[in-house]
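Trainee: I have just opened a structure I have never seen before. Could you help me read it, one feature at a time?

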Amino acid sequence: MHKISKIAVLTSGGDAPGMNPCIRAVVRTAIFNGLNVVGVRQGYKGLIENDMYDMETRSVSNILSLGGTILKTARCLPFRTDEGMETAYQNIKARGIDGLVVIGGDGTFTGALRFSKKYPDIAIIGIPGTIDNDLYGSTYTLGFDTATNTVIEAIDKIRDTADAHDRLFFIEVMGRDSGAIALRAGISCGAEAIMLPEKLTAIEDLIKNLKDGQSNKKSSSIVIVAEGDKNGGVYDIAKAVQKEVTNYDVKVTILGHLQRGGSPSSFDRVLGSRLGFAAVNALIAGETQKMVGLQANHIKLTSLEEALTEHEFKLEEDLLQMVDVLAI
Ligand code: ATP
């Protein structure tokens, strides 16, 4: 087994709150174990452009509470090419780096796996960092909890004004093809309906639901629409409903990028710390092409291959069943 002596850490793809506590844990766990650590700026772009710097324990002081990522992140097209990967490899070798910790989502892992198959002498461990919570092998991904809390705070405020004016709000939340944020936020805010990519809600059923709510003396209603919902987008849904539910004033809010920012929650700080700590220990133990994840509150390794083929958010049916019952 090749002994690791120098590792690099990067954040890639969409940023997620909790990445900074995770970087801190990677850096300090590595140094504690006598390894050298290099920080790579802007994900795979930094590998290709040789934009890296030596990190020390003090390089990660006071970052636990910061959203975003001190290493910056990027979407990097050249890393998808053989030439781009070769340049990255040469830069990594020239610095004497023999292990890589990549924090990101499924795109990041796809790149990591391809790279690792081409250059198996560089060990790679992935850390699931995405607000979408859509990676197999970890019940929760880094950033999901904070993003959901941010959404809840926003929707609570919208509920106040919706109630004051007897309005019906359609609120679009992030998640790409995953309804994870929408579902959790919907339960937490008592949404009247939640539109998810994983389970199509017919517009007629939604209209009936909202009309029933009105006859049940509801003064305001909130419908959460996951951005990946397949009904044609939040504006189309709102328009279709407004035609039928005429006595509600219908409004649309798209929460957008505010969902990515903010200080990480306690859950994401602890999760980031655990995953960063585990990733470095996995590298030291000689592991590669694996993802560290949280399963039944234990840190477990899953092969990147499996994490990617199985990739998807498994809808929690019990939560979905509760929506109609609790919103009567
Ligand atoms: P999020 O889920 O938050 O969007 P992500 O990691 O899925 O995060 P992507 O933009 O899909 O974000 O991927 C991040 C980066 O991974 C890409 O910009 C690219 O550099 C690299 N990558 C993605 N797919 C591949 C691939 N097939 N081959 C090589 N590199 C890839």
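Trainee: How many Å lie between a polar side-chain atom of Arg 75 and an oxygen atom of the ligand?

Mentor: Happy to help! Please keep in mind that this is a predicted model. For a question like this, look for polar atoms of the protein and ask how far they are from polar atoms of the ligand. Here, the separation for Arg 75 is 2.6 Å. Arg 80 also offers a polar side-chain atom, 3.4 Å from a nitrogen atom of the ligand. The backbone can take part too: an N or O atom of Gly 107 lies 2.9 Å from a ligand oxygen.

Trainee: How much of the ligand's area does the protein bury?

Mentor: The idea is to take the ligand alone, then ask what the protein covers. Alone, this ligand exposes 620 Å², and 91% of that is buried by the protein. The surroundings consist of 19 residues, and the closest include Cys 76, Thr 108, Arg 114 and Arg 176.

Trainee: Which parts of the chain make up each domain?

Mentor: A domain may be built from separate stretches of sequence, so read the ranges with care. Domain 1 combines 6–143 with 264–309, while domain 2 covers 146–260. Taken over C-alpha atoms, their centres are 35 Å apart.

Trainee: How many residues of each domain are in contact with the other?

Mentor: To read an interface, count the residues on both sides, then look at the area. Domain 1 contributes 13 residues and domain 2 contributes 12. Between them the two domains bury about 1,000 Å², with 45% of it on carbon and sulfur atoms. On the domain 1 side, Asp 15, Ile 131 and Asp 132 lose the most area, together 49% of what that side buries.

Trainee: What kinds of pairs does the rule find across that interface, salt bridges or polar contacts?

Mentor: Check each kind separately. The rule finds zero salt bridges there, but it does find seven residue pairs in polar contact. By class, the domain 1 side that touches domain 2 has four nonpolar, four polar and five charged residues.

Notes: Residues numbered from 1 in each chain as written. Predicted model: local features only at pLDDT ≥ 70, side-chain atom pairs only at ≥ 80, totals over all residues. Heavy atoms only, no water. Contact = heavy atoms within 4.5 Å. Buried area = accessible area lost by both parts, 1.4 Å probe. Salt bridge = Lys/Arg side-chain N within 4 Å of Asp/Glu carboxyl O. Polar contact = N/O pair within 3.5 Å; in protein donor to acceptor, adjacent residues only side chain to side chain. Nonpolar A, V, L, I, M, F, W, Y, C, P; charged D, E, K, R; others polar. Near = heavy atom within 4 Å. Areas by Shrake-Rupley, 256 points an atom, 1.4 Å probe, with all protein chains shown as cover.
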